[in-house]
Amino acid sequence: MYHTLRFLGFLFTLILQCSADPGSSCSKTSSLLDFESEIEMFQHQLRGVIKVLDDCSFWVSEFDMLPGSDVHWWGAAGPDFANLTTGFVISNDKLNKTYKNESFVVRLKSNLTWDQIGVLAVWDIPTASDFGHVVLGDLRNGSGNISLSPDLAPSPAMEPNSSTVRNRAGGVPTMFENCKVLSPNYRVRWTLSADEDSIDIGLEAATGTMNYMAFGWADPKSSHSPMQKADVAVTGFTEDGMPFSDDYYITKYSECMIDKNGLVLGVCPDTIYEGSDPDGLVNNTRLVYGHRKDGVSFVRYQRPLNSIDKKYDWPVNRTGNMTVIWALGLIRPPDALRPYYLPQNHGGPMLVTYGHLVLNVSEHVNDCLGPLDAEDKEDQDLIIADASVPLVVVSGPAMHYPNPPYPSKVLYINKKEAPFLRVERGVPVKFSIQAGHDVALYITSDPLGGNATLRNVSETIYAGGASAQGVLASPMELVWAPDRNTPDQVYYQSLYTQKMGWKIQVVDGGLSDMYDNSVVLDDQQVTLFWTLSEDSISIAARGEKKSGYLAIGFGSGMVNTYAYVGWIDEDIGRVNTYWIDRKDASSVHPTNETLSHVRCKSENGMITFEFTRPLKPHCSRAERQECNNIVDPTTPLKVVWAMGAGWSGDHLSERNMHSATSSRPVRVLLMRGSAEAEQDLRPVLAVHGFMMFLAWGILLPGGILAARYVKHVKGDGWFQIHVYLQYSGLAIVLLGFLFAVAELRGLYFSSLHVKFGITAIFLACVQPVNASLRPKRTANGVAVSPKRLAWEYLHVIVGRSAIILGIAALISGMKHLGDRYGGENVEGLNWALIIWFLLGALMVLYLEYRERKREKDRNSERSSWVLGNMEEDDSTDLLGTSNTEKESHLSEILEVQLQPLSK
């Protein structure tokens, strides 16, 4: 019946065409006579069938297409990039409208024959866009060595089923015999192959890239709950844009989970019920093909009518009515706990996001009139340029270029293939060009690039040119500042090759204008903006990839972190705060931080949220956990990020687990407006720390101890030890200081460690100067001069102050090490340092006790002298206990001793 109707339609259109042009006649000598083929879709949801009628015309049927700019029937020698871009218009008929399952005859230009046409295409001239094409004759049969582009080639899992050919050349995977509208934005297509006991099904929806499409058969025994025990196929696209299709079985209206008894419940893959499936006995859904084009997802898969899996698959009645179910919704990507895609609740009204109906797969159905027209047709990754962050431009293989045909190599920006770039007027855009010397970047008004003047087409060049080329070892920096005269849309392209780049959208204002600083966090997937005020900070976070939620955290990881999560809930943007203390859903604790000016939105599936918070919470640390979340602008703030499929403001579960996260924290320097990645301790800084410990922990204290406790040794050995240790320690301190300054490329006084260290080094450097100004020692028996006494006090006080500050610098340096690098052994090193100095303090107490006892013994001996040795005792500590009193007492003793001899 279906083929009869098509034939009658063909005859009717042919009669109309002949009636309109009764004088036209055309020979039928071409070898392509009666050649029939389906049109391969590339863009604009093009579908259709062409059939060669004679030497100058062809018949088009089942034709669907979204409109373009200036679309024509196009001829080329071959389907490759070079041949298609140098092709030619083959008919005076234009295709500048939306076509909805239409049929018509097209006549070739009078000067053309089929021998001149190897490929018949639908071509948009201004954009050099191939909407779809057919390879004709011998070229198709292999002499032309034709191969499909990676973006359009069928999945390696299998080739399209032979049933799709149906006496036509091509076997295009987007064409089916039947089509049924499920909802305004969702369709199912199928072709039954009863003799092969299989059915090919195509699911097609104008939906987001993070959404799934599900379709399957209900339990034939159920009459009231079609979803329960349903056998469905869940299809969609991975984060890398690759299609997937898997067999699922529904045991409960929930996301798939495993309860404490090991029972699997929910919408789960068949394989999870039975474990691994190496032989494909359980997962009987086989992916054939899939693509994302014009904002529409399309996945074709094949399943047997009678599966060998009798437990989780229902047999499909090839001639009878059966209830089928369908749904659209968000899908959660695999993670460490659930290594498979998990559909979320569809969350919308019936017959829009889910439903069921009765279907007989053997009856011909085609109520899909016209192509699906998505509101958002831009599927390319979006990059929003910021003044402070350079855009790294490289070249790489073309995998998912948005405008076929394309060359083998295209431009990548920040690791994204030909992204959609958004810039702001008045904000300079910096490109770091590393694409090679054969790629010269330029900003142009021409959508094709490749130097439009060579095609006799005028273009306006806004930046770049032949000199804008570089390599990784020597990148070239290009700065472009769009102004108020820059059009709303321009293009970044290569000067030497057409169609390597893509679109640039020029807009007014944005986050870069509203915030003072911005940095790109780890892996270039999240941009952080902030503005500091006297007692608060305004923060914005923008995801650079599509997700259901975006989270940033203040901490070294997602554990022991204060997190801020932004998501869209029923078209309302929300931002919540949390404290995370472990790696499970129950350890994500909501907090009540004071946030103001809160906003959250999703654009092209990418989340952006903003808020303002006080630098110091207005509560006591003992009251609530969030009261400890203090932001100190003088201390680097460690920031991490995570993304996932969906978030819930009420009850969190494993479904809210992130699917992407930063690999390491980024240290954001809030006052400087810059950031640096968390990294391992640099070797030079490790040497700096060891040298400072050697100096302040061993040599310099040793020199002081020698001067204090070794004077009782005869000779000047104590003095030599004192001088050598002090000068050695000072030299090591200066070397360690220079190492740190050179490694960090500057001297910054923002941290307490640097303040302690600089003060200690200054006092240590004063000591040699002080020693060179030492007053001379007085003669034997003469009281110490005030200058000498003042010098002694100054020398000892400065030296001991330097040691105290040096020890403080060592301890604060360990804390700084932990804050900067997050070393796992920092706490242990801190304790080792504290124990070392405690042992040193105990040793000093013991030596001080011995010294006091020695002085007491000396004083006892002196009391029995008649005429003692009147030389100055170097072991006498001028800063010891009541030193002045000792001198006075000594004089009294001498006076008493001399009196009897004068008689």
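By a disulfide I mean, throughout this talk, a pair of cysteine sulfur atoms within 2.5 Å. Please keep in mind that the model in front of you is a predicted one, and that under this rule the count of disulfides comes to 4. If we number the bonded cysteines along the chain, the disulfides of the protein pair up as 1-2, 3-6, 4-5, 7-8.

Let me start with Cys179 and Cys368, whose sulfur atoms sit 1.8 Å apart and which form one of these disulfides. Which parts of the chain does this pair tie together? Cys179 belongs to strand S10, residues 178-183, while Cys368 is found in the loop between strand S23 (354-359) and strand S24 (382-384), so the disulfide connects parts that lie 189 residues apart in sequence. The angle about the S-S bond of Cys179 and Cys368 is -85°, and the link is left-handed. As for their surroundings, both Cys179 and Cys368 are buried.

The next pair is Cys256 and Cys268, joined by a disulfide with an S to S distance of 2.1 Å. Here Cys256 is placed in the loop between strand S15 (243-250) and strand S16 (257-258), whereas Cys268 is in strand S18, residues 267-269, and the two cysteines, 12 residues apart, link distant parts of the chain. Is this disulfide left-handed or right-handed? The torsion about the S-S bond of Cys256 and Cys268 is about 105°, and therefore the disulfide is right-handed. Why do I call these two cysteines buried? The term applies under 20% relative accessible area; Cys256 has a relative accessible area of 3% and is therefore buried, and Cys268, at 0% relative accessibility, counts as buried too.

I turn now to Cys619 and Cys627, which form a disulfide with their sulfur atoms 1.9 Å apart. Because the torsion about the S-S bond of Cys619 and Cys627 is about -120°, this disulfide is left-handed. Cys619 is buried, and Cys627 is buried as well.

Finally, a word on the accessibility of two further cysteines, Cys600 and Cys765. Cys600 has a relative accessible area of 13%, so this residue is buried. What is the situation at Cys765? With a relative accessibility of 31%, Cys765 counts as partly exposed, since that class covers what lies between the cut-offs of 20% and 50%.

To close, then, the picture I would leave you with is a predicted model with 4 disulfides, among them the left-handed link of Cys179 and Cys368 and the right-handed one of Cys256 and Cys268.

Technical notes. Residues numbered from 1 in each chain as written. Predicted model: local features only at pLDDT ≥ 70, side-chain atom pairs only at ≥ 80, totals over all residues. Heavy atoms only, no water. Helix = DSSP H or I, 4+ residues; strand = E, 2+ residues; numbered from the N terminus. Buried < 20%, exposed > 50% of the residue type's maximum accessible area, 1.4 Å probe, protein only.
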